[in-house]
Amino acid sequence: MLFDIYPIQNYTLEQIEYEKNHRLLQPVWDFIKNGNEHILSSPLFPPFYALSIDYTFVIVFTIIDLFLYDVPFFKNTKIQKDRKVTWNLMKKSLYLQMWNQLLWIYPMALVQLVWVPPTELPILAPTVFELLSQLAIYFLAFDFTYFWFHYIHHKVKFLYRWCHSVHHMYSSPFAASAQHLHPFELFFVGTFITTIPWIFETHCLTYWTWFLVAQSVSYEVHIGYDFPFALHRFFWFYSGAPAHDMHHLRPLTCFQPWFNYLDRLMGYHITYEDLKKMTEAKFKKFGLYSKEDEEGLLKIN
Ligand SMILES: [Zn+2]
Ligand SMILES: [Zn+2]
């Protein structure tokens, strides 16, 4: 049951003991908690944790982008092969993000320290069903809401010019540009990711897993590489890096951040293959004869 964990006061000691021995995630939860209670319950832990996910993605992919670009695996999987990620490109984004963090993120973390009570660490782990079903609902809810936020920010010109165009300064994304956002957009996305688990009474393990999932997916769509093990290759309804890369290249396509059912329904889902076909069709219609049509004709230059 979704709300089964917190009213632990209704459980008898025997029931708690029974649940402890039967929940699959209990050993994981006990291992995470063991000796770390004072760190995990601190109101500073969630922002510190979220920032460490950001920094890990940025550091790992910055090393790949700047130093491992020539490794055949990365070279072959890079989506926009003609757009090399350079330190010059990157530092402009890191400069904006430094200001965003100094002016928004760190002060918000300090506000949390004053206003938010320490996190209560439950004795019991969430059940697997509870963790997975809540994550799925949060995932769907964020994806749906951000689609409309995003769509409106492209369709209402003043919103695009004032806010979302900041994110589109890069037409070829890379991991370090995922958080290249106008402060308003950063505030909206941050608030939404933080508050969406308030739909249910969410176990802190589920809450932290949600942060890991949400941030990882947001980085994944910006990495600029189409890895052979990427999720979109296995699930046709998942956008992945190629779709969001396409959005940066052609900003009036592929609005949905994580899935693609709304883009498909509304006709905005375009792939690189489609783009190639459109260019070929355009050439066919307006530009050139095909090879067969010109076969045997004399050409001087
Ligand atoms: Zn983007
Ligand atoms: Zn956009």
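In which hand, left or right, does α7 pass α10? In this predicted model, the crossing in which α7 passes α10 is right-handed. The packing of these helices is described below, after an outline of the fold and the confidence of the prediction.

The protein contains 14 helices and zero strands, and its pattern along the sequence is accordingly a succession of α elements, α-α-α-α-α-α-α-α-α-α-α-α-α-α. The C-alpha trace extends over about 95 × 40 × 40 Å along its principal axes. The mean pLDDT of the protein is 89, and 97% of the residues reach a score of at least 70. Among the elements, the lowest mean pLDDT, 79, belongs to helix α13 (residues 272-287), whereas the highest, 96, belongs to helix α12 (residues 261-266).

An unreviewed UniProt entry annotates residues 48-73, 94-115 and 135-152 as "transmembrane region". In the model, residues 48-73 are 85% helix and 0% strand, with end C-alpha atoms 33 Å apart. The span of residues 135-152 is 100% helix and 0% strand, and its end C-alpha atoms are separated by 26 Å. UniProt also lists, in an unreviewed entry, residues 136-267 under "domain: Fatty acid hydroxylase". Helix accounts for 55% of residues 136-267 and strand for 0%, while the end C-alpha atoms of this span lie 25 Å apart.

Helix α7 (residues 128-155) and α10 have axes that come within 10 Å of each other and cross at roughly 45°. Because of this angle, α7 is classed as oblique to α10. On the α7 side, the contact is formed by Leu 131, Gln 134, Leu 135, Tyr 138, Phe 139 and Phe 142. On the α10 side, the participating residues are Leu 205, Thr 206, Thr 209, Trp 210, Val 213 and Ala 214. Nine residues of the contact between α7 and α10 are nonpolar and three are polar, with no charged residues.

Helix α10 (residues 204-220) is also approached by helix α4 (residues 45-67), the two axes coming within 10 Å and crossing at roughly 30°. The angle lies under 35 degrees, and α4 is therefore roughly parallel to α10. The crossing of α4 and α10 is right-handed. Helix α4 contributes Tyr 49, Ala 50, Ile 53, Asp 54 and Phe 57 to the contact, and α10 contributes Trp 208, Phe 211, Leu 212, Gln 215 and Tyr 219. By class, eight residues of the contact of α4 with α10 are nonpolar, one is polar and one is charged.

Helix α4 packs in addition against helix α6 (residues 87-115), with an angle of about 175° and a distance of 12 Å between the axes. Because of that angle, α4 is roughly antiparallel to α6. Pro 47, Thr 62 and Leu 66 of α4 meet Trp 87, Met 90, Ile 105, Ala 109 and Gln 112 of α6. The contact of α4 with α6 comprises six nonpolar and two polar residues, and no charged residues.

Taken together, these contacts place α4 roughly parallel to α10 and roughly antiparallel to α6, while α7 is oblique to α10.

Definitions and conventions. Residues numbered from 1 in each chain as written. Chains lettered and ligands numbered in written order. Predicted model: local features only at pLDDT ≥ 70, side-chain atom pairs only at ≥ 80, totals over all residues. Axes fitted to C-alpha atoms, helices over the stretch in contact; angles between N-to-C directions. Helix = DSSP H or I, 4+ residues; strand = E, 2+ residues; numbered from the N terminus. Parallel < 35°, antiparallel > 145°, perpendicular 65-115°, else oblique. Left-handed = near helix turned anticlockwise from the far one by under 90°. Contact = placed C-beta atoms within 7 Å. Nonpolar A, V, L, I, M, F, W, Y, C, P; charged D, E, K, R; others polar. UniProt positions renumbered as here; feature names shortened; annotations may be inferred. pLDDT = per-residue confidence, 0-100.
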